[in-house]
Amino acid sequence: MLVIVPYFMIKSFLILISFSNLLFCSQQIILVVADDMNSSTAKLECYQNSTKIFKTIEVNLGFNGLAWGLGEIDITDKNSSKIFKREGDKRAPAGIFSLTKRFGYSQISDSKMPYLFATKSLICVDDPNANSYNRIINATGDEKSFEYMRRDDDLYKYGIVVGHNLEAKKGYGSCIFLHVQRDKNSPTMGCTSMQEKEIKKIVQWLDKEQHPILIQIPKQSAKRVLKLYPVLNSSKLLKKEED
C-alpha cells in the first residue's frame, strides 16, 4: 500500500534533523568544569575537534556558582541539581551555549567572529521588562537598567557573547559573557572571567565558521556531556567523573 506523507510532516522532519546536526557540528569547544553548582571557580579547556588547544586554565564563575541556563540543548537529568538561572542570582549559566560575537575596545579587529566595538554608548540591557532585554544596543536614554560595554576597569577589553537565553525570556538571565577577570579568584555577577592574556588567545582563535560553543557544567554532568560529545574523551576534566 502506498502511504502518502503530508509535505508539512516531511518538512518538519528535515528541519528537526538539520537542527540536531547543528547542535553537534561544532569544531571549536570551550569546556568549563566546576567542582559543583555552588563553586565560584572552575577550569577551562579549549578543543579544536578532539585536539586540545592551549593549556588548562583557572577561571572565575558567579559569586553563587552555577545555575542551569537556557542554551542549545537541555542536558539536565534526574541527577542534576535543580538550580535554574534567574536575573540577578549571581550565578553563571550551566549548559551548552553558542558563542555568537566578540567585543572589545579596539576599533579595528582581525576577528573571525562578528565583532562589536565597545563605544561609550554601547550597552547591554538587563531590565526584564524592557523590549531590548538581553540585547546589546546603542543607548537611547530610555533604558532603566543596563550595563555599559565600555568600562573604566577594562573587564570588557576582550570579551565573548555567550548565547544564553537567546529568546530573551523575561527574568531568565541576561548579558552573559566571557571576559577579563578583575583579580585572581574574584567571582563575577554571572559571567565567566579569566586573565587578560588567556582570553586574548581565545578570542583570536575563535572562528564563526567552526560553530564555536561553550560547554559549562558541574563535574556531576561529565558523563552526559561525554555521551553527547565523544570528541572530548581526552579531557581530564571530564574523565574524573567517568567511574
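Two exercises on a predicted model follow, each with a worked solution.

Residues are numbered from 1 along each chain as its sequence is written. In this predicted model, local features need pLDDT of at least 70 and side-chain atom pairs count only at pLDDT 80 or more, while totals for chains, interfaces and linings use all residues; side-chain values use heavy atoms, without hydrogens and water.

**Exercise 1.** Find which cysteines form a disulfide, and state whether each partner is buried or exposed.

Solution.
- Step 1. A disulfide is a pair of cysteine sulfur atoms within 2.5 Å. By this rule the count is one.
- Step 2. The pair is cysteine 124 and cysteine 175, with 2.1 Å from S to S. Cysteine 124 lies in strand β7 and cysteine 175 in the loop between β10 (158-162) and β11 (177-180), 51 residues apart. Strands are DSSP runs of E, at least two residues long, numbered from the N terminus.
- Step 3. Buried means under 20% relative accessible area, exposed over 50%, and partly exposed in between (1.4 Å probe, protein chains only). Cysteine 124, at 2%, is buried, and cysteine 175, at 4%, is buried.
- Step 4. The angle about the S-S bond is -100°, and the link is left-handed.

**Exercise 2.** Explain why cysteine 191 has no bond to cysteine 175.

Solution.
- Step 1. The cysteine sulfur closest to that of cysteine 191 belongs to cysteine 175.
- Step 2. The distance is 8.0 Å, so the two sulfurs are too far apart for a bond.
- Step 3. Cysteine 191 is also buried, at 7% relative accessibility.

Notes: Helix = DSSP H or I, 4+ residues; strand = E, 2+ residues; numbered from the N terminus.
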